[in-house]
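Biologist: I am new to this structure and would like a close look at a single part, namely whatever can be said about disulfide bonding. Please set that part against the chain as a whole, and then lead me on to a few other places that I should find in the view.

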Amino acid sequence: MVLNTAKLRFLTYTLCLFFHHSKAVVITGGQAAVNQNIINLIKKQSPDCSSDMHQKSWLAPSLHEQMIDAIRPYGYFKPTIVVNNEDTANSCHDWELNIELNEAVRWHNLDVSLKGEGTALFDLRSFLFEHGVTKGEVFSSLAYEQLKSSLIKKVRENGFLSAEWQETKVQIDGQQADLILILRTGVKYHIGKISYVQNPKFIGENLVKKLVKLETGQEYRRAVIEKQREQLQRTGYFSTVIWSQQVNDIGVVDLLFELAPADRIAYSVGAGIDTDKGPLIDLEYINQRVNQRGMQFQFQQQWSLDSQHIQTKASYPLLGRKSVIWQQWAFDWINDSYDNRLEDTIKISSHWLMRRSESDAWKASLSYGDYQFGFAGELKRSVQLFTPMLSWSRVIANDSIRPTSGYKTRVSAEMAHQSLLSDVDFFQVSASHKHIIPMGDSVRWLWRISAQSTVVDDINELPFSYRSFTGGDYTVRGFNFQSLAPKNSAGYINGGQHELTLSTEWEFLWRPNWAYAVFVDSGNAFDDVFDSHTATGIGLRWFTPIGAVRFDVAHAIDSSLDRGFQFHFTVGSDL
């Protein structure tokens, strides 16, 4: 009989919980954050809580007092709370509440200062503004606590590791809140001993020391050390780079870097398709550590219906004073047969690559290539070119899958001269920019512009790979790949000296990871007179971990080049 009674009680409690979770408190007035805090408070009450919000127990204050306390952190100290259905509600979980916040407490006098060596570390006025603590702003205890936490964190990360609060106080008088924050920064810390641990040892210690661009005696800044960690991670030598610190004396911090090896050998096989080049296959072999001095080796083969490319590349770090410069030696064999244009290339190159940050990259190259090119059925020309090249690129994005804000910029210049082992004199400069701008929570505006100009006596003396072509997935949709360019006397698409393309696109997110787009593309490749060709279209976007999958349908506006609807399919990052 006792067992049955226990079962009955358990069933009754379970049913109470079920009905408790099926009910919802209704609140009018207040603010979204305040109301949610009240709902969370009521959810914590027992299923049979009283419908009288003023009822007290010897264990806890009344629910009315608890709700007042839940509202105060948002700056409202004298709210009015009314239960509209107190007489008919079975419990507090049935309440229909009306909340009048009344007049808010606002920040008035703000006395925030740094004392010690770091007095002028940064602009405190801007710091307060960023945290929503300004005169006349509604008082928020959450903002106050975040301000305190962020301030002492920023001071310590900038080298004042012994910073301590001298005084922290908020005094509320009527509808005004006065703030006093005084932080003693202490002394500025400097880097002491720098140590490295490899487990197991897999790379030369001298190389590791030279890769780390930190020096004993320099000022401690956490951001600088973290940037160094990121640079080490990008070398490809390490799977993880972890750093820790030890304060050994007043003003001195020792650093320890723990390094774990990345896989020495890596293979990859990739396959894809786009409407410019058709099916694509990519094979790659990488040796990340050929020797203890950091040499790397890469073999890559890319294949499509109209192009084959084989490249071997050896890389090793040249250790500059402030950054690592990578030197690469490359051998390329390329066979292209777009439309009826044929080109075979054998090229050896030396590249120097430098990254001063995660977003910025510089590249300088010296290349010597033998180019055999011509139209199908005709005798090929042979040209040898020795080409110095310099390029700079920057990529800023707030997300790698679907950035809602960011841009990509690239500028390059390349030349050849007969006095420098070349058969042709030319100078070529190119630039491109793509920008993503948020237009609300679910809309992005994407626009891009690209241009190229070549100074040469006769464009026919240059290989096709140095001429300008537009049209296709990434330039002007609505036209076939490289179909927009001047033609020769035989009617073949010959390529131009210059090119200019522009695009604007609006993208609308209509469900998670899916969006539709409308766009207009325009541009052309030309020799003397720019005559733009324009197309408009719509598209579907699917955002995956490997990038956006894009399916576009475009139609040329130009009646003379109307080829009906053109379909475009691409996969990859937006930036």
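Modeller: Let me begin with the charges of the whole chain, keeping in mind that this is a predicted model: the protein chain has 57 positive and 64 negative side chains, and the centres of these two sets are 7 Å apart. As for the overall form, the C-alpha trace spans about 100 × 65 × 60 Å along its principal axes, and the radius of gyration is 33 Å, where a compact globule of 575 residues would have one near 25 Å. Within that outline the chain has seven helices and 25 strands, and 41% of its 575 residues are buried. The accessible surface comes to about 30,800 Å², and carbon and sulfur atoms account for 55% of that area. When contacts between residues at least 6 apart in sequence are considered, 55% of them join residues at least 24 apart.

With that setting in place, we can turn to the part you asked about. A search of the whole structure finds one disulfide, and the residues that it joins are Cys 49 and Cys 92, with a distance of 1.8 Å from S to S. This pair links distant parts of the chain, since its two members are 43 residues apart. Cys 49 belongs to the loop between helix 2 (32–43) and helix 3 (63–71), whereas Cys 92 belongs to the loop between strand 2 (80–83) and strand 3 (96–100). The torsion about the S-S bond of Cys 49 and Cys 92 is about -100 degrees, and the disulfide is therefore left-handed. If you look for the pair from outside, bear in mind that both Cys 49 and Cys 92 are buried.

From here we can move along the chain to strand 7, which covers residues 190–198 and includes Lys 193. Lys 193 counts as exposed because its relative accessibility is 56%, and the cut-off for that word is over 50%. Beyond its neighbours within four places in sequence, Lys 193 is in contact with Thr 216, Val 253, Asp 254 and Leu 255. Between Lys 193 and Val 252 there are 8.8 Å from C-alpha to C-alpha, although the two are 59 residues apart in sequence. The loop between strand 7 and helix 6 (205–211) holds Pro 200, and the peptide bond that joins Asn 199 to Pro 200 is cis, with omega about 0 degrees.

Another place to find is strand 11 (residues 278–287), where Leu 280 lies. Leu 280 has 28% relative accessibility and so counts as partly exposed. Its contacts, leaving aside neighbours within four places in sequence, are with Gly 270, Ala 271, Gly 272, Asp 274, Trp 303 and Ser 304. Leu 280 can also be placed by its distance to Ser 307, which is 27 residues away in sequence and 9.4 Å away in space, C-alpha to C-alpha.

The loop between strand 20 (443–456) and strand 21 (498–511) deserves a slower look, and one of its residues is Gln 482. The phi of Gln 482 is near 55 degrees, a positive value in a residue other than glycine. Most residues other than glycine have a negative phi, and most peptide bonds are trans. Gln 482 counts as buried because its relative accessibility is 18%, and the word is kept for values under 20%. Asn 480 is found in the loop between strand 20 and strand 21 as well, and with a relative accessible area of 37% Asn 480 is partly exposed. Leaving aside neighbours within four places in sequence, Asn 480 touches Thr 470, Gly 471 and Gly 472, together with Arg 563 and Gln 566. The C-alpha atoms of Asn 480 and Thr 470 are 8.8 Å apart, while the two residues are ten apart in sequence.

The last stop is Asn 513, in the loop between strand 21 and strand 22 (514–526). The phi of Asn 513 is near 70 degrees, again a positive value in a residue other than glycine, and a relative accessible area of 43% makes Asn 513 partly exposed.

Conventions
Residues are numbered from 1 along each chain as its sequence is written. This is a predicted model: local features need pLDDT of at least 70, side-chain atom pairs count only at pLDDT 80 or more; totals for chains, interfaces and linings use all residues. Side-chain values use heavy atoms; hydrogens and water are left out. Helices (H or I, at least four residues) and strands (E, at least two) are DSSP runs, numbered from the N terminus. The radius of gyration is taken over C-alpha atoms; the globule rule is 2.2 Å times the number of residues to the power 0.38. Buried means under 20% relative accessible area, exposed over 50%, partly exposed in between (1.4 Å probe, protein chains only). Contact means heavy atoms within 4.5 Å. Accessible areas come from the Shrake-Rupley method with a 1.4 Å probe; for residues, only the protein chains shown count as cover. Lys and Arg count as positive and Asp and Glu as negative; His and the chain ends are not counted. The place of a charge is taken as NZ of Lys, CZ of Arg, CG of Asp or CD of Glu. A disulfide is a pair of cysteine sulfur atoms within 2.5 Å.
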